[in-house]
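Biologist: Please pick one part of this model and take me through it closely. I would like to hear what surrounds that part as well, in one connected account.

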Amino acid sequence: AQFDAAVAITDRLLKDWDTVTKGGGDAIRKELGTVGTGSPFYQINKAIRVLQNDADDPVAFGDASEQFEIRLAGADAMAYSAIFTGGSGKPTPPAVYFEKSKVEVEALRQVEAEMIQAL
């Protein structure tokens, strides 16, 4: 149930990306469960471990779950970086980090599909 809810959040996040990013990097991070405790992504690793034990193809599920963690961390890192852009010189605009975060979220969604197929 938690994993299904996280997949639904990923779909909604991608669909509403422009709206979510208006809230800044922390708005993305909140959806990804790395800020606050309200997202289904919060402590998702526990649910993933349980699912892996019950998966039809636990090896494929395990491989995909490793990529899931990497993509989730990448999306979080890029969203976090968007918070601290600016300042003097030629700063990288937040939109660049938002786009990098979106690429990671898109890859996360592909990994979620692989995990679902392995269940």
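Modeller: A residue is called buried under 20% relative accessible area, exposed over 50%, and partly exposed in between. Gln-43, with 42% relative accessibility, is therefore partly exposed. The model is a predicted one, and the part I will follow is helix H6, residues 94-118.

Helix H6 has 25 residues, and the distance from its first C-alpha to its last is 36 Å. That is close to the 36 Å expected at 1.5 Å a residue. The buried residues of H6 are Tyr-97, Phe-98, Ser-101, Glu-104, Val-105, Ala-107, Leu-108, Val-111, Glu-112, Met-115 and Ala-118. The cover over these buried residues includes helix H1 (2-15), helix H2 (17-21), helix H3 (25-31), helix H4 (44-54) and helix H5 (58-83).

Three residues of H6 can be taken in sequence order. Pro-94 belongs to helix H6 and is partly exposed, at 34% relative accessibility. Leaving aside residues up to four places away in sequence, Pro-94 touches Ala-82 and Thr-85. Its C-alpha atom is separated by 9.4 Å from that of Met-78, which is 16 residues apart from Pro-94 along the chain.

Met-78 comes up again with Ser-101. Ser-101 is also in helix H6, and its relative accessible area of 0% makes it buried. With the same sequence neighbours left out, Ser-101 touches Trp-17, Ile-28, Ala-75, Met-78 and Ala-79.

Glu-112 is the third residue to look at in helix H6. Is Glu-112 buried or exposed? Its relative accessible area is 0%, so Glu-112 is buried. Not counting residues up to four places away in sequence, Glu-112 touches Phe-3, Ala-6, Val-7, Thr-10, Phe-41 and Phe-68. Three of these names, Phe-3, Phe-41 and Phe-68, are also linked by ring pairs into a cluster.

The rings deserve a short detour. Two rings pair if their centres lie within 6.5 Å, and a pair counts as stacked if the planes are under 30 degrees apart. By this rule the count of aromatic pairs is three. Phe-41 and Phe-68 make a stacked pair, with 6.1 Å from centre to centre and 20° between the planes. Phe-41 is in the loop between H3 and H4 and Phe-68 is in helix H5, so this pair ties together parts 27 residues apart in sequence. Phe-41 counts as buried at 3% relative accessibility, and Phe-68 counts as buried at 0%.

The loop that holds Phe-41 also holds Gln-43, since both are placed between H3 and H4. Most residues other than glycine have a negative phi. Gln-43 has a phi near 55°, a positive value in a residue other than glycine.

The helix that holds Phe-68 is H5. Its 26 residues should span 38 Å at 1.5 Å a residue, and its end C-alpha atoms are 37 Å apart, which agrees. Among the buried residues of H5 are Phe-61, Gly-62, Phe-68, Leu-72, Ala-75, Asp-76, Ala-79 and Ala-82. Of these, Phe-68 was listed with Glu-112, Ala-75 and Ala-79 with Ser-101, and Ala-82 with Pro-94. The buried residues of H5 pack against H1, H3, H4 and H6.

Two other helices that help cover H6 are H1 and H4. Two packed helices are described by the angle between their axes and the distance between the axes. For H1 and H4 the angle is about 125° and the axes are 9 Å apart, and the two helices are therefore oblique to each other. Gln-2, Phe-3 and Ala-6 of H1 make the contact with Ile-44, Ala-47, Ile-48 and Leu-51 of H4. Sorted by class, the contact of H1 with H4 has six nonpolar residues, one polar residue and no charged residues. Phe-3 and Ala-6 are also among the residues that Glu-112 touches.

Lys-22 offers a contrast with the buried residues of H6. Lys-22 lies in the loop between H2 and H3 and is exposed, with a relative accessible area of 73%. The C-alpha atoms of Lys-22 and Ser-81 are separated by 15 Å, and the two residues are 59 residues apart along the chain.

Technical notes. Residues numbered from 1 in each chain as written. Predicted model: local features only at pLDDT ≥ 70, side-chain atom pairs only at ≥ 80, totals over all residues. Heavy atoms only, no water. Helix = DSSP H or I, 4+ residues; strand = E, 2+ residues; numbered from the N terminus. Expected span 1.5 Å × (residues − 1). Buried < 20%, exposed > 50% of the residue type's maximum accessible area, 1.4 Å probe, protein only. Contact = heavy atoms within 4.5 Å. Phe/Tyr/Trp six-rings, centres within 6.5 Å; stacked < 30°, edge-to-face > 60°. Axes fitted to C-alpha atoms, helices over the stretch in contact; angles between N-to-C directions. Parallel < 35°, antiparallel > 145°, perpendicular 65-115°, else oblique. Nonpolar A, V, L, I, M, F, W, Y, C, P; charged D, E, K, R; others polar.
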